[in-house]
Amino acid sequence: MSLGGMVEDFDVAPTVASTTIVVYGLVVAALVMLGAKLGQRIGWLLIFRIVVGVFACSAILMIVSPAVGWAIAGQALAGAAAAIIVPSLVALIAANYHGDQQATAIGSLGSARAVSGVSAFFLGGALGTLVGWRPVFGIVLALAVLILIFSFTLTSVPGDPDITIDVFAAILIGVGIMSLTLGFNNLNNWGAFYADPAAPFDIAGVSPAAMLIVAGVVLVQAFFMWTRRQMAAGKVPLVDLSVLRSSRERSAVYAMFIVVAMEAALNFTVPLYVQIVQGRTPFDTALAMMPFNLTVFITATLVVRVYKRYTPRVIGVFSFVLTTAALIWLAYVVSNNWETLPTIFGLIVFGVGQGALVTLVFNVLVTSAPKKLAGDVGSVRGTTQNLASAVGTAVMGALLVTLLSIGVGQAVVDNPRLPDSLVSQVDLDNVNFVSNDELREVLDATTATPEQIDEAVRVNEDTRLATLKYGLLLLAALSATAIVPAGRLPNYRPGEIPEDTYGDDR
């Protein structure tokens with residue numbers, strides 16, 4: 001919701017401003033497994049209070065940031081704090097709630113992302129329009145202080161100073177996830193395979209983005225091999241892989257990654273289009289996203305009520321079918337006006353599927369492991385969610401800019417009203433999303449006639465809309481691929497977090 005304000009305030013491209021989002025997810029995903037072990041060693045409640053204070057400091061840094069670099073640093077600090085907050089939530093629920101209360105708490109935590117989505121878009125949109133984007137982080141600061149105060153009502157969870165931390169594994173997974181995220185985030189800037197001129201370096205002409213992705217995959221695989229070796233030797237691993245011992249748990253992780261990636265991609269695409277392309281206010285963006293976020297919130301809260309009637313497998317498959325159908329529908333009905341009834345209907349249907357999934361896959365993962373592994377489950381959940389959020393935002397941004405660049409280039413070449421002499425005055429190698437007014441300002445500095453400027457604006461409008469449609473169709477394809485792992489989710493209702501042993505393997 002702060003994207004438009006940061007672009008204007010810091011005078012940077014929207015893809016640069018979105019780096020703050022990516023960096024947050026990057027740092028959380030890279031450190032969350034280490035954070036889980038620190039929580040087990042120091043004590044979940046004590047470390048929770050410490051990092052909530054750190055999170056408050058990150059909000060202060062965002063409020064006073066004079067340049068985008070400061071904002072990126074603030075989100076990096078917030079991500080480091082969240083890397084411990086995320087796994088601690090599951091452990092604190094396991095220690096403080098039991099029976100039906102625990103099931104309700106797990107469901108609430110699963111739907112918390114949707115709850116925050118509604119409030120963040122509404123409050124962020126209103127404040128961003130009326131007073132600017134910085135006061136939004138004043139609310140974040142106030143919430144951090146309130147959470148710190150409320151934490152004194154929780155039962156203390158003592159730490160175990162004898163727990164050792166596998167530093168080598170932490171380095172492997174941290175560097176691996178950072179490499180993956182940086183690689184995906186710079187596919188557009190540095191080149192998908194061959195290095196672009198903007199790339200900081202290249203090896204035999206190969207883009208560093210591609211090399212980082214390959215290196216990340218290798219390091220993550222090395223982490224799993226090392227962890228299995230440690231567990232076989234009877235040593236304490238950084239994360240206990242038994243939380244992913246069956247196809248059920250692995251399917252839940254796959255489904256969670258796709259769910260969060262789709263949500264992140266949509267939450268990047270709509271503000272980009274409404275604020276940057278259409279030049280509208282953050283509050284307009286909040287209104288455009290409200291049908292989706294409100295539906296996700298309501299569905300995520302109520303879906304636990306149907307667990308007694310339908311199994312996670314049935315709910316998961318049905319929900320992914322809904323999200324796929326909704327995205328295909330949106331790709332065909334979306335226009336330059338987001339407030340049309342067909343668009344709102346598509347967002348609502350997508351929100352129903354998304355809301356059911358965010359709670360479902362989390363419940364499956366949490367209730368499949370014993371209470372003593374609650375921190376490990378939280379670290380797997382946090383790594384998956386934040387890596388998916390970072391990758392979803394980065395890949396969607398790179399994909400949309402690439403599609404736009406291809407579309408604009410082809411449209412200009414095929415348009416007889418835009419002569420080569422005019423096209424040569426515009427840098428088509430660095431096409432990005434701009435509003436009509438910004439495009440007119442650029443063309444005013446060329447030899448373009450008023451008629452040619454109008455034609456260029458029309459071409460840009462048509463290409464932007466086509467790019468959005470293609471992006472939604474690609475998201476629909478991603479959603480469709482998740483139907484298969486959803487078919488391997490448990491065929492029974494998740495219950496309470498078990499004490500010492502895994503639940504029924506049906």
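The following is a conversation about how several helices and single residues in this predicted model come to be described as they are.

Colleague: Let us start with helices α3 and α8; why are they called roughly antiparallel to each other?

Modeller: The axes of α3, which covers residues 19-42, and α8, which covers residues 167-185, cross at roughly 160° and come within 8 Å. Angles over 145 degrees count as roughly antiparallel, and α3 and α8 are therefore described in that way. The crossing in which α3 passes α8 is a right-handed one.

Colleague: Which residues of α3 and α8 meet, and how do they divide into nonpolar, polar and charged?

Modeller: From α3 the residues are Thr-19, Val-22, Leu-26, Ala-29, Ala-30, Met-33 and Leu-34, and they meet Ala-170, Ile-173, Gly-174, Ile-177, Met-178, Thr-181, Leu-182 and Asn-185 of α8. In this contact of α3 with α8 there are 11 nonpolar residues and four polar ones, with no charged residue. Gly is counted among the polar residues, which is the class that Gly-174 of α8 falls into here.

Colleague: Helix α8 also packs against α10, so what makes that pair roughly antiparallel?

Modeller: The angle between α8 and α10 is about 155°, and their axes are 7 Å apart. The cut-off for roughly antiparallel is an angle over 145 degrees, and the pair α8 and α10 is therefore given that name. Here α8 passes α10 in a left-handed crossing. The residues that meet include Leu-172, Val-175, Gly-176 and Ser-179 in α8, and Leu-219, Val-220 and Phe-223 in α10. By class, the contact of α8 with α10 holds 18 nonpolar and four polar residues, and no charged one.

Colleague: You named Leu-219; why is this residue of α10 called partly exposed?

Modeller: Leu-219, which has its place in helix α10, has a relative accessibility of 23%. Buried would require a value under 20% and exposed a value over 50%, so Leu-219 counts as partly exposed. If neighbours within four places in sequence are left aside, Leu-219 is in contact with Leu-172, Val-175, Gly-176 and Ser-179.

Colleague: And for α4 and α7, how do you know that they are roughly antiparallel?

Modeller: The axes of α4 (residues 44-64) and α7 (residues 134-150) come within 8 Å, and they cross at roughly 165°. Since an angle over 145 degrees is what the term asks for, α4 and α7 are therefore roughly antiparallel to each other. The crossing of α4 past α7 is left-handed. Among the residues that make the contact are Phe-48, Arg-49 and Phe-55 of α4, together with Arg-134, Phe-137 and Leu-141 of α7. The contact of α4 with α7 has 15 nonpolar residues, one polar residue and two charged residues.

Colleague: Turning to single residues, what makes Thr-295 buried?

Modeller: Thr-295 belongs to helix α12, residues 282-302. Its relative accessible area is 12%, and because buried means under 20%, Thr-295 is placed in that class. The side chain of Thr-295 reaches the backbone oxygen of Pro-291 at 2.5 Å. Apart from neighbours within four places in sequence, Thr-295 is in contact with Met-290, Ile-348, Gly-351 and Val-352.

Colleague: Why is Gly-392 called buried, and what does it touch?

Modeller: Gly-392, found in helix α15 (residues 374-414), has a relative accessible area of 9%, and with the limit at under 20% it is therefore buried. Not counting residues up to four places away in sequence, Gly-392 touches Ala-261, Ala-264 and Ala-265. Gly-392 and Ala-261 are 131 residues apart in sequence, while their C-alpha atoms are 4.3 Å apart in space.

Colleague: Lastly, how do you know that Asp-11 and Ala-204 are exposed?

Modeller: Exposed means over 50% relative accessible area; Asp-11 is at 70% and therefore counts as exposed, and Ala-204, with 78%, is exposed as well. Asp-11 has its place in the loop between α1 and α2, whereas Ala-204 lies in the loop between α9 and α10. Asp-11 has a positive phi of about 55° although it is not a glycine, and Ala-204, also a residue other than glycine, has a positive phi near 60°.

Methods
Residues numbered from 1 in each chain as written. Predicted model: local features only at pLDDT ≥ 70, side-chain atom pairs only at ≥ 80, totals over all residues. Heavy atoms only, no water. Axes fitted to C-alpha atoms, helices over the stretch in contact; angles between N-to-C directions. Helix = DSSP H or I, 4+ residues; strand = E, 2+ residues; numbered from the N terminus. Parallel < 35°, antiparallel > 145°, perpendicular 65-115°, else oblique. Left-handed = near helix turned anticlockwise from the far one by under 90°. Contact = heavy atoms within 4.5 Å. Buried < 20%, exposed > 50% of the residue type's maximum accessible area, 1.4 Å probe, protein only. Polar contact = N/O pair within 3.5 Å; in protein donor to acceptor, adjacent residues only side chain to side chain.
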